[in-house]
Amino acid sequence: MEMTDPPCNMNKYKLLNCIRKVEYLSKKMKSYDFCDLASSNEKTIKYLSKKGLLCASATCTGCNRSMRRQIFLASPDGVVNRCPKCKKRSTIRKGTIFEDTNIALRDILSIVFFMLLEVNQKNVSSAISLDEQTVSAWQAKTRDQSLKE
């Protein structure tokens, strides 16, 4: 099954765009709506793609053809970009701020959301089952990027 969305043009160091979009979301969305959004990888990926925070397509490094998004359950996200010609696969995180992490995308979105609601690290850590150092690192990354802009 193929999934198609417009490709993104997000620079992997532009976390501020993500922060602003989640900040807007946290102000306009009720918490139970956010919980639904973060309830599955599919919903989170769809949201992040719609907001341009994930690239929906890529160019194959093997044959230079356009790749398509495809469900692939062996991937941490359950979705990959795949070349229709040579069948080469690449992560949907390539070229985004999420590229160098294995943390679930919905957990990253939750960290930012809870941070904007001023929930402390210990409670965020407990709520999403991540260690406090990971939560702290993403909060610091978020703050550092906000200060750069």
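**Questions on a predicted model**

Visitor: In which strand is Ser-90 found?
Guide: The model is predicted, and its residues are numbered from 1 along each chain as the sequence is written. Local features need pLDDT of at least 70, side-chain atom pairs count only at pLDDT 80 or more, and totals for chains, interfaces and linings use all residues, while side-chain values use heavy atoms and leave out hydrogens and water. Helices (H or I, at least four residues) and strands (E, at least two) are DSSP runs numbered from the N terminus. Residues 89-91 form the strand that holds Ser-90, namely E4.

Visitor: Is Ser-90 buried or exposed?
Guide: A residue is buried under 20% relative accessible area, exposed over 50% and partly exposed in between, with a 1.4 Å probe and protein chains only. Ser-90 has a relative accessibility of 18%, and therefore it counts as buried.

Visitor: With which residues is Ser-90 in contact, leaving aside its neighbours within four places in sequence?
Guide: Contact means heavy atoms within 4.5 Å. With those neighbours left aside, Ser-90 is in contact with Ala-58, Met-67, Val-80 and Asn-81.

Visitor: In what order do the elements of the chain run from the N terminus on?
Guide: The chain has 6 helices and 4 strands. Starting at the N terminus, their order is β-α-α-α-β-β-β-α-α-α.

Visitor: Which helix gives the most residues to the largest nonpolar core?
Guide: A nonpolar core is a set of buried Ala, Val, Leu, Ile, Met, Phe, Trp, Tyr and Cys residues joined through side-chain atoms within 4.5 Å. The largest one has 23 residues, and Leu-48, Leu-54, Phe-98 and Ile-111 have the most contacts inside it. At least two residues each come from H2 (31-37), H3 (41-50), H4 (105-116), H5 (121-128) and H6 (132-148). The helix that gives the most, with 5 residues, is H4.

Visitor: How many of the 12 residues of H4 are buried?
Guide: Among the buried residues of H4 are Leu-105, Ile-108, Ile-111 and Met-115. H4 is largely enclosed by the rest of the structure, because the number of its 12 residues that are buried is 9.

Visitor: What distance does H4 reach from its first C-alpha to its last?
Guide: The expected span of a helix is 1.5 Å times one less than its number of residues. For the 12 residues of H4 this gives 16 Å, and the model comes close to that, with a reach of 17 Å.

Visitor: What is the angle between the planes of Phe-113 and Phe-114?
Guide: Rings of Phe, Tyr and Trp (its six-membered ring) pair if their centres lie within 6.5 Å; planes under 30 degrees apart count as stacked, over 60 as edge-to-face and the rest as tilted. The structure holds 1 aromatic pair. Phe-113 and Phe-114 form this edge-to-face pair, with 6.1 Å centre to centre and an angle between the planes of 65°.

Visitor: With which side chain does the side chain of Arg-69 make a polar contact?
Guide: Arg-69 is in strand E2 (residues 68-71) and is buried, with a relative accessible area of 0%. A polar contact is a pair of N or O atoms within 3.5 Å; within protein, one must be able to donate a hydrogen and the other to accept it, and residues adjacent in sequence count only if both atoms are side-chain atoms. At 2.8 Å, the side chain of Arg-69 makes such a contact with that of Ser-49.
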